[in-house]
Amino acid sequence: DGRLRLSRQGVIFKNSKTGKVDNIQASELAEGVWRRVALGHGLKLLTKNGHVYKYDGFRESEFDKLSDFFKAHYRLELAEKDLCVKGWNWGTVRFGGQLLSFDIGEQPVFEIPLSNVSQCTTGKNEVTLEFHQNDDAEVSLMEVRFYVPPTQEDGVDPVEAFAQNVLSKADVIQATGDAICIFRELQCLTPRGRYDIRIYPTFLHLHGKTFDYKIPYTTVLRLFLLPHKDQRQMFFVISLDPPIKQGQTRYHFLILLFSKDEDISLTLNMNEEEVEKRFEGRLTKNMSGSLYEMVSRVMKALVNRKITVPGNFQGHSGAQCITCSYKASSGLLYPLERGFIYVHKPPVHIRFDEISFVNFARGTTTTRSFDFEIETKQGTQYTFSSIEREEYGKLFDFVNAKKLNIKNRGLKEGMKQSYDEYADSDEDQHDAYLERMKEEGKIREENANDSSDGSGEETDESFNPGEEDDDVAEEFDSNASASSSSGDGDSDRDEKKPAKKAKIVKDRKPRKKQVESKKGKDPNAPKRPMSAYMLWLNANREKIKSDHPGISITDLSKKAGELWKAMSKEKKEEWDRKAEDARRDYEKAMKEYSVGSKSESAKAERSKKKKKKQEKQMKGKAEKKGASSKSLSSTKSPAKNMSESFKSKEFVSSDESSSGENKKEDSEEEGVASLPPSSEESASGSD
């Protein structure tokens, strides 16, 4: 945003954010264009020296006033030109001053200021423009590709002509002069492919079949020379900041792979005096040796940085690295003197001074391997998995010698303070959900205790023998006691066991839960009290929303957790007192509620017993009528007769009960109660 001022002398625009002033003299103006744009209407001014200025935000009614002013003072006709909005992607490119305009017919579609172009690369019938990143914008346009059709004209390459037009005005690194030396067809792992590397005095030029990269030496942070585990290859790693870009991909590391057997003779494109003066003996005009040595030596001299190599670490196999996996790919982890580096996909470099702690974890799939976890002080976690068990001792000794915190070893001398600081950080984030669950768990236990105090009759009815285990056991063991009087002591013990098993087989807990869940559904039951945190959150939720408009529910709970943690002890005590009062009120209400519910349940029990008594009398009458038919079968097994004569209340009620509410429970009781007789039959049969 800013202010635009038109005067007889020229046009002045002042940017309200930066204070930058554009001053265009009236004599420099060559053309004025009025057009409709995204922000209403816009004015485009072209100067005689090729510069373009665009101002948006005008109203349509202002056109006549501006047109008259331009005619009177600048002697310019303010032309009206509309942008093409057809959506076509096939048109004509025109270069005008610092601007590339893509037109369909006579109407422009879009324009690119060539001063924003950072890189221009060519391919087969294709030109790619890359742009400088705009730090002020959340989203930046980074790349545009143009397809240039081949032409019939001999000697003119339309792709190269297009690229030259762009490069003549673009803000790119120009390869002025000859390269100091060139390395041909080097294998590059990231970005993947084979590249020619041209070494210039101030930058490195990677030229591949598809992409070109120009890397200024000022962006090189570190150089690494790492031997491969097979001892036949070498990695040369160049750390970059800012990284090189390919579309949306960022390459923070340039990784070259060399064979140790490759040799090269190198001649620098400089005379000996220049070499001596510039490199002070670090390089000579003619050099020969291994390819990786030559590349690393030249890079070290030009970048003027040390090359990092692995230290004195040696793994189980004698290599200076450890085979492992990071994310989905397998690679090599190199313990260095001041950090770890992993190659190659993706490359990772972690310095010791940014490590919070390391952790040795058991492998998830097999005991033959383990995982090595590193967490940084910023909270980023790196997990290197599938490390052979034999490497554990060497890696542990190395980490120990570097005095890194090892999480799963416990507190050690010299590390206690820093480890304690880290251990506390687990509680930095207040977990509102966990707080609520703990509170509900306590209340649930209290409810269970309250319900067990007066639930003897109820559990007997629903066959939940928590209160009357002994009575039920006697009912089951009655057959065994009868048979023991006739001298069959061994079968006594055998028959008692399945009876007990029958009790255990039935799930008691679900029954109790069922009772609890029925209780919990009662709308008249008192509401559970809130914790101190939840009381505070309810009171302050609207205030947090007003302080942070548009905040999401998850972000609100995180913010609330932070505020609660930062609150002073005195303020927290106030809410603790409120929570304690609410808890006492709840307990009082719960006692009153439980007394009322017990009296109601007692009435219900009495009516049930009365009904059962009537059913039992009816059953007795029916049995007397059929006594003659039953007397024939009674001679088969005295034990069976005894079991039928000692049937429990549950068994009887399950046979005849027609109440829809207890059908399921009665059927289960029948199954349990009928198990002991069947087991006794089998026992008597074996006897």
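This report looks at confidence and salt bridges in a predicted model.

**Confidence along the chain**

Start with how far the model can be trusted. The protein has an average pLDDT of 75. Of its residues, 73% score at least 70. Some stretches score lower. Over residues 512-520, the pLDDT is below 50. Beyond near neighbours in sequence, residues 512-520 have 6 contacts in the model. Residues 628-645 also have a pLDDT under 50. For residues 628-645, the model has 9 contacts beyond four places in sequence.

**Salt bridges**

Now turn to the charged side chains. The count comes to 18 salt bridges. Three of them are set out here, each with its N to O distance.

| Pair | N to O distance | Separation in sequence |
|---|---|---|
| Glu111 and Arg35 | 3.2 Å | 76 residues |
| Arg145 and Glu126 | 3.9 Å | 19 residues |
| Glu562 and Lys559 | 4.0 Å | 3 residues |

**A buried pair**

Take Glu111 and Arg35. Their side chains meet in a salt bridge. Which strands does this pair link? Glu111 lies in strand β10, residues 107-113. Arg35 lies in strand β4, residues 29-37. The pair therefore links distant parts of the chain, as 76 residues separate the two. Are Glu111 and Arg35 buried or exposed? Both are buried.

This pair also belongs to a network. Salt bridges link Arg35, Lys44, Lys54 and Glu111.

**A pair between strands β13 and β12**

Next come Arg145 and Glu126, whose side chains form a salt bridge. Arg145 is in strand β13, residues 143-147. Glu126 is in strand β12, residues 126-131. This pair, too, links distant parts of the chain. How exposed are the two partners? Arg145 has a relative accessible area of 43%, and Glu126 has one of 31%. Buried means under 20% and exposed means over 50%. Arg145 is therefore partly exposed, and so is Glu126.

**A pair within one helix**

The last pair is Glu562 and Lys559, joined by a salt bridge. Where do these residues sit? Both are in helix α13, residues 553-566. Glu562 and Lys559 are about one helical turn apart, because 3 residues separate them in this helix. Glu562 is partly exposed, at a relative accessible area of 42%. Lys559 is partly exposed as well, at 27%.

Terms used. Residues numbered from 1 in each chain as written. Predicted model: local features only at pLDDT ≥ 70, side-chain atom pairs only at ≥ 80, totals over all residues. Heavy atoms only, no water. pLDDT = per-residue confidence, 0-100. Contact = heavy atoms within 4.5 Å. Buried < 20%, exposed > 50% of the residue type's maximum accessible area, 1.4 Å probe, protein only.
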